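Okay, thanks for making time, everyone. Let me put the structure up, and then I'll talk you through it.

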Amino acid sequence: MKTLTRRSLLQQVPVSAAALSLLPAMPALAAIHHSPKAATQLSAKSAGSMVVHVNNVATGEMTLLVGTRAVVLRDPRIVACFLDATREGGSA
Amino acid sequence: MSSHREAPEISKDPVADNTDVYAFVSPDNPNTVTLIANFIPLEGPAGGPNFYEFGDDVLYQILIDNNGDGVADITYQFLFQTTLQNPNTFLYNTGPIGSLTDPNWNKRQLYSVTRVKNGQTTVLAEMLASPPCNIGPFSTPDYAALAQDAVHVLPSGETVFAGQRAEGFYVDLGSVFDLVDLRPFQNLHINPMEAAPGVNGTNKLNVHTLAIQLPKTMLTRDGSNPTNPNDPRSLIGVYASASRQTARILVPSGQGQVVESGPFVQVSRLGSPLFNEVMIPLGRKDFWNTQSPNNDKQFLNFVQHQEVPQRLAEYYPTLFPNLAAYSKPRADMVAIFLTGIPAGVVAPGYQTFTGETLADLLRLNMAIAPTTAPSILGILGGDFAGFPNGRRVFDDVFTIELRALAGVTIPLVDPTFTPDAAASKFTDGLTPSDISSAFLTSFPYLRVPYSGFDNPSQ
């Protein structure tokens, strides 16, 4: 089996995300109707990056934070890869 | 305080901390309403070289519900962008700031205003100038004129201002937080001392203000002009909020890069003064800040069964025997803060009722005209144009709420109750005369901020 580096893993994320069913994102929070202006102005600061929060390692549920959006998906395989990467003791 | 540092988490994030919200029919332009939301509590005027400013990473909102469901129908969003003219100096300004484009002004803020109405988003203006902080007579020699230039009339009909102002909320912080040992009554406190005048704990401090003035017809649900106080269309509910993006990462690059990503999450909100401050217990305040007003039914028990009356009876055992014996749920508090006061309860032509939805909103009956002889005690002073019908900058909301909590408004809903004699006299002893400068008579009504050179002073 090909060794999975963190770089190749992260490159796989968009493909995996597209192939998975998407869950509603953060329904419990106060509804904030952020404007396109808000999205454009503030997401420009984080252009080219994405934040992934693994909500539950056991179920593989994670939230992808992109610009001013959140996409929740469930993929135990990707989370397992994350765990493997952390066990390798990789540095930033 | 009204809502300054009122919850554990937001007290550590002053840039996003709502302090006060005001909503009133503009006295000098009664076809309009003025909405004000203040942020950043207790600004020391001399707090340089990085003087106070709005957060570039905070979404500030003023929200209006005009159909009584506790959900905003109209939202005004303010987003800021800080620019640095000269990164090679430590100074905020390198000479006198004579205009909003003066090259001597190094660190300045621009902002956009966006309206979200009935799901439709419209950017109303971009690159609007916020005035500098009031540094002192050499750096900002004609501050009033400088700030006036930062009052912007938008093509869409609104007038806006965003910048530093003098704190308008007056309260004896030191005595309130010393177990409500109000100085004029401290001879009757369980820890008795000689009675003394109140001390304004917010005097000579500044805040940052978002203010907007707009025609009443832009606020009603159907565009009508509100003239009948009994018409539900005359009522609006107002609150303000601050939100941050979900994630913030300090990139370990050594360049100070920060990545912020994800949807905005509400971290602060404010409708009625002192609601979260004194009604919501410490363990729930942060959660309350994240909630939308239409979910406030979950906090009903805290409004019905308040802690302050219990403490008053405890700390002033001789003053409040009737209050101490009253154990019914406080329906007067529910009406004042969560539904508005229905018609026929106070006086003909007075109501702030927005419906059965329980929501902490600052309710304003836009059909009630401003008065030329206002009382700082609002409804308790027989002035129906003041709090809790909206809130004007000079209203003594601390004393109004203190007396209401002490029982003076219980008879509105329970005629069997007789308020204690002290309830209608209780106060921290302050009036607007305890603020060092007068309020303005026109937009944005809050005063020019105190300058760093002069405050504090010997």
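I'll start with the ground rules, then go through chain A, the cysteines, the cores and one sheet.

So, this is a predicted model: local features need pLDDT of at least 70, side-chain atom pairs count only at pLDDT 80 or more, and totals for chains, interfaces and linings use all residues. For bookkeeping, residues are numbered from 1 along each chain as its sequence is written, chains are lettered from A and ligands numbered from 1 in the order written, and side-chain values use heavy atoms, with hydrogens and water left out.

Chain A, then. You get 3 helices and 4 strands, and from the N terminus they go α-β-α-β-β-β-α. Those are DSSP runs, numbered from the N terminus: H or I of at least four residues for helices, E of at least two for strands. Chain A has 92 residues, and 35% of them count as buried, meaning under 20% relative accessible area with a 1.4 Å probe and protein chains only. Take the chain A contacts (heavy atoms within 4.5 Å) with a separation of 6 or more: 49% of them link residues 24 or more positions apart.

Now the cysteines. How many disulfides does a search of the whole structure find? It finds 0 over all chains, with a disulfide being two cysteine sulfur atoms within 2.5 Å. A:Cys81 is buried, at 16% relative accessible area, and B:Cys133 is buried too, at 2%.

On to the cores. A nonpolar core here is a set of buried Ala, Val, Leu, Ile, Met, Phe, Trp, Tyr and Cys residues joined through side-chain atoms within 4.5 Å. The largest has 115 residues, and B:Tyr76, B:Leu312 and B:Phe320 touch the most other members. Helix α9 of chain B, residues 397–408, gives the most to this core, with 7 residues. Leaving out residues up to four places away in sequence, B:Leu312 touches B:Val180, B:Phe320, B:Leu323, B:Leu402, B:Ala406 and B:Phe426. There's also a second, separate core of 7 residues, including A:Met62, A:Val71, A:Ile78 and A:Phe82.

Last thing, a sheet in chain B. It's open, 5 strands in the order β1-β2-β9-β8-β7, with antiparallel pairing; strands pair if DSSP finds at least two bridges between them. β1 (18–25) and β7 (152–153) of chain B stand at the edges with a single partner strand each, so one side of each has no neighbour in the sheet. β7(B) is joined by 2 bridges to β8 of chain B, residues 159–166, and B:His152 stands opposite B:Val160 in β8(B).

Definitions and conventions
Buried means under 20% relative accessible area, exposed over 50%, partly exposed in between (1.4 Å probe, protein chains only).
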